Amino acid sequence: MRESGIIIAVEGYKTRVIDRLIGELFSELPALLIVGPRAAGKTTTALRHAASVVRLDRAAEAAAFRADPDAALRGLDEPVMLDEWQEVPAVLGAVKRAVDREPRPGRFLLTGSVRADLDAATWAGTGRLVRVPLFGMTVAEQLGRPSVPLLDRLARGEEIKAPSDPPDLRGYVELAVRGGFPEAALKLSDAVRSRWIESYIDQLLTRDAAKVEGPRDPSRLRRYFEAYALNSAGVASDKTLFEAAGINRKTAAAYEELLVNMAVAERVPPWASNRLKRLVRSPKRYLTDPALLAGTLRMDPGAVLREGGILGRVLDTFVAAQLRAELPVAVSRPRLFHLRQEEGRHEADILAESADGRVIAFEVKADSAPQPDSARHLRWLRDALGERFLRGVVLHTGPRCYPLGERMLAAPICVLWA
């Protein structure tokens, strides 16, 4: 919490990459909304920036806000954290009116459900609440050493160095299966963590889904979620997913929108340029935490290592999760895309385009010593884009960084937290 402008540490708290961003935004903006999947640490992080806390999922605290939210807000020490705001949606209107009257910085911090995005009638935040995304913890955060975003280091042309203690392939898979949900990743043994993840998925597909968008058939939603997991980090067609789940196209579209709004699934858009022809226009789909992929398919690290097709998806999903967490704080203001030519002649697993239009492209390999041929797709993209192409990086499971050609680098996945 905050006292006399100083953030007081929450016991045992590990700094998140967005902590500094929250501080910077709150120095000029009156209200922030932290969004992200359930159990990603939104409430714990918000607590560090609040002087008073209202937990609206507690009946005793919610009663006053249901009766008169404007009066209930007055007199609270600011910044005020309003946790689980969706339990009393009228509080949004009260925040709007308070901000309209006094738009001074650092007043309100909201956490809770994404239902606002689905129910426009309750949403009063446009122009008043600035969204701050928070996903699962990165490995850097779990280790207690948040680093400068890799995307910024690459954009500035810095030398990229591997840490002295790189994992091997099994170590990367274990990190991926551990995932980024703070309670599970930091506090639980492997055996208990797997049960926690399975329980999380059960509640997500039954209770949480119902709260966000009303009753759904849990068995059909689970089949669709499993199909999504099997195709995470892939460019699967809509038909592939809905046929695998045994549902129709309309139901599948509704399910996908639900999972995206609950921040457990993401559609990474295809990248396009008028210099390149016949690019696939379909999105690349991800579960936002690799632990959800492994948990849904009930696979431990050993099982992932035995399944070549799943191994590549787990590593790609893991890398995407690390990069996704960097996006809100990266100075280069990047967005993530994927690139794939028709029939797969050329592709890039992940492509980051900065605000100035320059491009960094990644290939993710379950290989400890990739050779120059591993960068052939990236070289094609470099030659097509010219100076717009900054770096091509083949992320691998070996221990060393080394060049693969002009503006081409082979680097261990662990440079993400070096």
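In which sense, parallel or antiparallel, do strand β12 and strand β13 pair, and over how many bridges? The legends below take up this point and other details of the structure, which is a predicted model.

**Figure 1. Pairing of β12 and β13 within the six-stranded open sheet.** Strand β12 (residues 359-364) and strand β13 (residues 389-396) pair in the parallel sense, with six bridges between them. Isoleucine 360 has arginine 391 of β13 opposite. The sheet to which these strands belong is open and has mixed pairing, its strand order being β10-β11-β12-β13-β15-β14. β10 (335-340) and β14 (402-405) occupy the edges with a single partner strand each, so one side of each has no neighbour in the sheet. On average, neighbouring strands of the sheet are turned by 30° against each other, direction ignored.

**Figure 2. Strand β15 between β13 and β14.** β13 and β15 run parallel and are joined by five bridges, whereas β14 and β15 pair in the antiparallel sense over three bridges. Methionine 408 of β15 takes part on both sides: glycine 392 has methionine 408 as its bridge partner, and glycine 405 also stands opposite methionine 408. β14 and β15 form a hairpin with two residues between them, and arginine 407 in the turn has a positive phi of about 60°. Five of the five residues of strand β15 (residues 408-412) are buried, so the strand is largely enclosed by the rest of the structure. In a regular strand, side chains alternate between the two faces of the sheet. In β15, Met408, Ala410 and Pro412 point one way, Leu409 and Ala411 point the other way, and all are buried.

**Figure 3. The buried helix α14 and its two ends.** All of Pro290, Ala291, Leu292, Leu293, Ala294, Gly295, Thr296 and Leu297 are buried residues of α14. With eight of its eight residues (290-297) buried, helix α14 is largely enclosed by the rest of the structure. At the N-terminal end, aspartate 289 acts as the cap, with a side-chain oxygen 2.8 Å from the backbone nitrogen of alanine 291. After α14 comes arginine 298, which has a positive phi near 55°.

**Figure 4. The largest cavity and its lining.** The model contains five cavities of 30 Å³ or more, and the largest holds about 110 Å³ of space. Its lining comprises 15 residues, and those closest to its centre are Met137, Gly180, Asp289, Ala321 and Gln322. Aspartate 289, the cap of α14, is thus also one of the residues that line this cavity. The elements that contribute two or more residues to the lining are α6 (139-142) and α16 (308-326). The largest share, four residues, comes from α16. By residue class, the lining divides into seven nonpolar, six polar and two charged residues.

**Figure 5. The second largest cavity and the second largest pocket.** The second largest cavity has about 60 Å³ of space. Among its lining residues are Arg16, Val17, Ile18, Leu134, Gly136 and Glu141; the classes are seven nonpolar, one polar and three charged. The second largest pocket has a volume of about 790 Å³ and a lining of 25 residues, of which Pro133, Phe135, Glu266, Arg324 and Leu327 lie nearest its centre. Pro133, Phe135 and Arg324 also belong to the lining of the second largest cavity. Two or more residues of the pocket lining come from each of β7 (130-133), α13 (249-261), β8 (265-268) and β10. β8 gives the most, with three residues. The pocket lining divides into 15 nonpolar, three polar and seven charged residues.

**Figure 6. Backbone geometry in three loops.** Most residues other than glycine have a negative phi, and most peptide bonds are trans. Glutamate 78 and proline 79 are joined by a cis peptide bond with omega about 5°, and proline 79 is found in the loop between α4 (69-73) and β5 (80-83). Alanine 39 has a positive phi near 70° and is found in the loop between β3 (31-35) and α2 (42-47). Its relative accessibility of 34% makes alanine 39 partly exposed. Alanine 233 also has a positive phi, of about 70°, and has its place in the loop between α11 (218-230) and α12 (238-245). At 12% relative accessibility, alanine 233 counts as buried.

Conventions: Residues numbered from 1 in each chain as written. Predicted model: local features only at pLDDT ≥ 70, side-chain atom pairs only at ≥ 80, totals over all residues. Heavy atoms only, no water. 1 Å grid on protein atoms, 1.4 Å probe; cavity = no way out; pocket = protein on both sides within 12 Å on 5 of 7 lines; lining within 4 Å. Points joined across faces, edges and corners; volume = space filled by probe spheres on them. Nonpolar A, V, L, I, M, F, W, Y, C, P; charged D, E, K, R; others polar. Buried < 20%, exposed > 50% of the residue type's maximum accessible area, 1.4 Å probe, protein only. Polar contact = N/O pair within 3.5 Å; in protein donor to acceptor, adjacent residues only side chain to side chain. Pairing = 2+ DSSP bridges. Axes fitted to C-alpha atoms, helices over the stretch in contact; angles between N-to-C directions.
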